[in-house]
Amino acid sequence: MKYILNTKTGTLHIENMCSKSNPYEKKEFKSEDEARAYGRLNIKNCKTCFKNRDKKLSKISL
Ligand SMILES: [Zn+2]
């Protein structure tokens, strides 16, 4: 799973989790922690991406 930071808006997306997860101005990270370390407090989670991720993870654990 790749984390993609839209460097223009400061929104953290997850690869293929929403329609905006491949912005033109972006930086890719291998983990959420890495992205946070890079962006500090300026990062906000994309609600769609994180909701979809949680849905996916809960399916896997069932
Ligand atoms: Zn997103």
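Biologist: Is Asn 16 buried, exposed or partly exposed in this predicted model, and why?

Modeller: We count the C-beta atoms around a residue: 20 or more within 10 Å would make it buried, and 12 or fewer would make it exposed. Asn 16 has 13 other C-beta atoms within 10 Å, so it is partly exposed.

Biologist: Where does Asn 16 sit?

Modeller: Asn 16 lies in the loop between β2 (11-14) and β3 (26-29). Its backbone is worth a look too: phi is positive, about 65°, although Asn 16 is not a glycine.

Biologist: Now the strands. How do I read a sheet?

Modeller: Strands of a sheet pair through backbone hydrogen bonds, and the pairing can be parallel or antiparallel. Here, 4 strands form an open sheet with mixed pairing, in the order β3-β1-β2-β4. The edge strands are β3 and β4 (44-45), each of which pairs on one side only.

Biologist: How many bridges join β1 to β3, and do these strands run parallel or antiparallel?

Modeller: Strand β1 (residues 3-6) and β3 run antiparallel, joined by 4 bridges. To see the pairing on your screen, find Tyr 3, which stands opposite Phe 29 in β3.

Biologist: Which strands does helix α1 touch?

Modeller: Helix α1 (residues 32-39) packs on the sheet and touches β1, β2 and β3. The direction of α1 makes about 25° with that of β1.

Biologist: Which elements have the lowest and the highest mean pLDDT?

Modeller: Helix α2 (residues 47-61) has the lowest, at 90, and β2 the highest, at 97. Across the protein chain the average pLDDT is 92, and 97% of the residues score at least 70.

Definitions and conventions
Residues are numbered from 1 along each chain as its sequence is written. This is a predicted model: local features need pLDDT of at least 70, side-chain atom pairs count only at pLDDT 80 or more; totals for chains, interfaces and linings use all residues. Helices (H or I, at least four residues) and strands (E, at least two) are DSSP runs, numbered from the N terminus. Two strands pair if DSSP finds at least two bridges between them. Two residues are in contact if their C-beta atoms, placed from the backbone, lie within 7 Å. Axes are lines fitted to C-alpha atoms, for helices over the stretch in contact, and angles run from 0 to 180 degrees between N-to-C directions. pLDDT is the predictor's confidence in each residue, from 0 to 100.
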